[in-house]
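Colleague: I'd like to know what stands behind the words you use for a model like this one. Could you take me through them?

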Amino acid sequence: MKKIVYSILIPPFIISLLLGSCVSEIDGEAVLLLKYSESYMLPLAKGGLKFVPRWTLHEKEDTCFLAYHNIYSQHIEMYDFERKTYSRAIPLAQEGVDKVSVSEFALSENDIIILGRQYIYRVSHTDSIDGSVKSKTPIRSDEISSGNVPYENYYLSMNSNWGGESDFFDSKKGNCYLPIREEGRISLSTDDLTSESIVCEIDMKRKSINMLDIFFPDFVKEYEIFTLNPLWTDYIYPSLCVDEENMLIYNFRVSSKVYKYDLVKNQVIKQASINSAYTNNNMERVQGDVKSKKFINEVFNNRTTFGPVRYDKYRKLYYRIHSSPTEASYTNENESKKYYFCIFDQNFEKKGEVQLSDNLSIFYYGIKKDGIYFLSKEGTSEDVAQFEKYTITANKNQ
């Protein structure tokens, strides 16, 4: 890629197609520039990242760790990202009382927070190399103080962030935030989309769980079809992100709307449509047999879909990736799909939007002080992970 910032006189969409660089755009004028910086190669000692379902970057003082879940050996592999060296493999127990199942995980200052089906585990990544569990918080209704939860048995959505980076954990308070619904229902109904709250707060210290005043917005009712198959019910629940200001940011895959929930006041204090300059701002209406395998193609490829919001603590910005519809065939479902990177501030004012290069793996990206790192599809193998570093800078011509 060329290290160039392009003039705002040329439409950003045309530039990105012709030259492969990225320029943010809002109403035809660049406000923030997403500028390519360099490729970053990380030698791998334990296999490739190409098919890894979870990876994350975490900075601590002058060190940055890369961690990913190696599903083949059931380890959390860790690398010193700055020194480009292998750090350690943390094994996860696969049997006994400390068996660890991984749905999602996040890194705090000293620990790995692992979200499982029955427990939230805290495993040290600094002073332990044997993968021993420091603590585990039960999340089943018969083992935890359930506070104001209206259900005798409940289900926590473990895949709310659509395959994207998990920001469900608040490292300051030690709390987790997850979508919740009653367990045991084969399908939901329209009434379920208008009744109980849908997000809970899990206090890992007090081992308690409480409902937040977050509900389905009215527009979700238009996508009731997802409730007819339990495999798809999670799809209509929100993605969640905790920022540094005790705010829980959430959004839905079917809409460009974003919400800010104050965890101190326990109420939604702001909502806005972060609209795209390139695509529709709501998922197109979904029809078809929800139980058919081709329904996956119908939803993910032929519909506009909005990914989770991420928070950048260094630049006090939020990011969201969403996709455009495509008419790709079932067998080549992702070849012509386009993805867009949207930037907005803490006031929910849009600052930029750009079409991402096709060679980037878009489901995960690392946010560091010196830039944003995307995994490259083309340069990543079993022996090396290639990252493309971008920086966000103000447009001096504004």
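**Words and their cut-offs**

Modeller: Gladly, starting with a loop residue: Asn246 counts as partly exposed because its relative accessibility is 29%. Buried means under 20% relative accessible area, exposed over 50%, and partly exposed in between, with a 1.4 Å probe and protein chains only. This is a predicted model, where local features need pLDDT of at least 70, side-chain atom pairs count only at pLDDT 80 or more, and totals for chains, interfaces and linings use all residues. Residues are numbered from 1 along each chain as its sequence is written, and side-chain values use heavy atoms, with hydrogens and water left out.

Colleague: What makes the phi of Asn246 worth a mention?

Modeller: Its sign. Most residues other than glycine have a negative phi. Asn246 has a positive phi, near 60 degrees, and sits in the loop between β15 and β16 (247-251).

Colleague: Why is Lys316 called partly exposed?

Modeller: Lys316 has 35% relative accessibility, so it counts as partly exposed. Its phi is positive too, near 55 degrees, and its place is the loop between β19 and β20 (317-323).

Colleague: How many helices and strands does the chain have?

Modeller: The chain has two helices and 25 strands. Both are DSSP runs numbered from the N terminus: helices are H or I with at least four residues, strands are E with at least two. Of the 398 residues, 56% count as buried.

Colleague: What makes β21 and β22 a pair?

Modeller: Two strands pair if DSSP finds at least two bridges between them. Strand β21 (residues 339-345) and β22 are joined by five bridges, so they pair, and they run antiparallel. One partnership links Phe341 to Val354 in β22.

Colleague: Why are β19 and β22 called edge strands?

Modeller: The open sheet has four strands in the order β19-β20-β21-β22, with antiparallel pairing. β19 and β22 (350-355) each pair on one side only. Neighbouring strands of this sheet are turned by 20 degrees against each other on average, direction ignored. Axes are lines fitted to C-alpha atoms, for helices over the stretch in contact, and angles run from 0 to 180 degrees between N-to-C directions.

Colleague: Which strands form the open sheet that includes β4?

Modeller: Its order is β2-β3-β4-β5, again antiparallel. The edge strands here are β2 and β5 (85-91), each pairing on one side only. The average turn between neighbouring strands is 25 degrees, direction ignored. Six bridges join β4 (residues 75-80) to β5, and Ile76 has Ile90 as its bridge partner in β5.

Colleague: What makes a space a pocket rather than a cavity?

Modeller: On a 1 Å grid over the protein atoms alone, a cavity is a set of points where a 1.4 Å probe fits but cannot get out; a pocket is an open set with protein on both sides within 12 Å along at least five of seven lines. The second largest pocket holds about 740 Å³.

Colleague: How do you know which residues line the second largest pocket?

Modeller: Lining residues have an atom within 4 Å of a point. The second largest pocket has 30 of them, with His58, Leu107, Asp167, Ser171 and Lys313 nearest its centre. The largest share, five residues, comes from β2.

Definitions and conventions. Points joined across faces, edges and corners; volume = space filled by probe spheres on them.
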